[in-house]
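Student: Please take one helix of this model and go through it closely, from its ends to its surroundings. I would like the account to be connected rather than a list.

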Amino acid sequence: MDMVTYRAVARAFPYVKQVYLDAWGEPLLNPHFWEMVAVARDNGCSVGVTTNGVLLDSRVAELLARNLDVVGISVDGATADTYERMRIGARFEKVVQGIQDLVAARKALRSDGLPLISLLFLKTNENIHELPAFVDLAATLGVDEVIASNLSYVTQPAHDSLKAFSLHAPSPAHIEILEQVRCKAKSKGLGLRLYPLAPKRVPFCEARPLEELHITWEGLVAPCVYLTLPVAGDIIFRVYEGVRYRVPKTHFGDLRVSTLLEIWEREAYRQFREPFAKRSAACGGAPFGPSGDGGFRELDGPAFDAVTRYSLPDACRGCYKAMGL
């Protein structure tokens with residue numbers, strides 16, 4: 001995103017609690033990244049970022065520690081062998097050193113405990129065995145939490161087999177690994193957001209379209225990052241249980257020509273959000289999703305039955321994330 005577009009987006013910042021600079025690609029590669037952070041902070045917003053950590057050095061660590069409220073670092077492995085196989089061209093030791101620099105910079109520069117530092121681990125069949133060791137690594141590095149998510153969105157059927165979760169019968173070995181991880185995190189006082197290995201009773205996904213939205217690099221407003229994949233054309237693909245589906249790209253306006261309030265109140269956007277509002281009301285706005293201790297909050301049976309009377313929008317059907325995954 002260029003600064004002309006970003007400043008158009010920033011007109012909405014006085015109404016926003018948090019600006020999270022993340023979508024497709026590495027945010028720290030944007031030459032305007034630090035200016036973007038400053039604009040958001042000047043508007044009173046909390047600012048977060050997720051990075052692959054490849055560009056983390058002592059200078060970048062100091063800037064992040066001074067200016068960010070949340071920093072997530074995607075690592076996906078506890079050893080150089082696994083990490084460097086999954087992230088071609090990256091060096092495990094360099095990324096670990098960058099995390100150490102960030103933790104040290106926070107300790108030296110901040111007294112408020114910020115930024116919150118999370119290590120992100122995308123669970124797949126190829127790396128889930130390293131998750132217990134990953135928790136050990138996170139605790140040793142002194143970060144605040146581990147977020148262990150699922151490979152819950154792929155566009156090619158060949159990649160669907162990589163997912164560690166199952167809609168039917170999760171692997172007993174995987175279940176045991178997650179139990180080990182919960183115990184380890186608790187014993188080390190480490191925060192843990194752990195996504196489940198099987199569907200949960202949730203009203204909708206964590207994109208929370210009643211409260212949050214995604215803005216593409218062009219300034220288009222969408223309810224979810226997965227409904228505006230950066231591919232040519234108006235169709236994106238989603239694989240569900242090995243079958244590849246065509247899904248129309250979904251966005252509701254352009255912040256370069258309209259205000260956020262104008263877009264938010266458009267009839268098409270209101271209609272998109274209506275089922276989510278009905279589902280939220282049906283369960284009384286009950287909390288759901290991963291808790292910070294490795295647990296998962298889901299609806300009880302009657303509340304879930306009430307929620308499922310209202311169908312999600314067509315664009316959201318066949319999305320694993322709508323199942324809490």
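Tutor: Helix 8 is followed by glycine 189, whose phi is positive, near 65 degrees. The model is a predicted one, and the values below are computed from it. Starting from that end, the rest of the helix can be taken in turn.

Helix 8 covers residues 172–188, which makes 17 residues. At 1.5 Å a residue the expected span is 24 Å, and the end C-alpha atoms lie 25 Å apart, so the two figures agree. At the N-terminal end, the cap of helix 8 is serine 171. One of its side-chain oxygens is 3.2 Å from the backbone nitrogen of alanine 173.

Next comes the question of which side of the helix faces inward. His174, Ile177, Leu178, Val181 and Ala185 of helix 8 are buried, where buried means under 20% relative accessible area. Viewed down the helix axis, the buried residues fall within an arc of 95 degrees, and therefore line one face of helix 8. The face turned away from this buried side carries Pro172, Lys186 and Ser187, which are exposed.

The cover over the buried residues of helix 8 includes strand 4, helix 6 (131–141) and strand 6. Two of these elements, strand 4 and strand 6, belong to an open sheet of six strands, ordered 1-2-3-4-5-6 with parallel pairing. Strand 6 (191–194) is at one edge of the sheet and strand 1 (18–21) at the other; each has a single partner strand, so one side of each is left without a neighbour in the sheet. On average, neighbouring strands of this sheet are turned by 20 degrees against each other, direction ignored.

Strand 4, which helps to cover the buried residues of helix 8, spans residues 116–123 and pairs with strand 5 (residues 145–150) in the parallel sense over six bridges. Within this pairing, leucine 120 has isoleucine 147 of strand 5 as its bridge partner. Strand 4 also has helix 5 (residues 92–109) lying across it, and that helix lies across strand 3 (70–74) as well. The direction of helix 5 is at about 155 degrees to strand 4.

To put the parts together: helix 8 is capped by serine 171 at its N-terminal end and followed by glycine 189. Its buried residues line one face, and strand 4, helix 6 and strand 6 are among the elements that cover them.

Note on methods
Residues numbered from 1 in each chain as written. Predicted model: local features only at pLDDT ≥ 70, side-chain atom pairs only at ≥ 80, totals over all residues. Heavy atoms only, no water. Pairing = 2+ DSSP bridges. Helix = DSSP H or I, 4+ residues; strand = E, 2+ residues; numbered from the N terminus. Axes fitted to C-alpha atoms, helices over the stretch in contact; angles between N-to-C directions. Contact = heavy atoms within 4.5 Å. Expected span 1.5 Å × (residues − 1). Buried < 20%, exposed > 50% of the residue type's maximum accessible area, 1.4 Å probe, protein only. Arc of directions from axis to C-beta. Polar contact = N/O pair within 3.5 Å; in protein donor to acceptor, adjacent residues only side chain to side chain.
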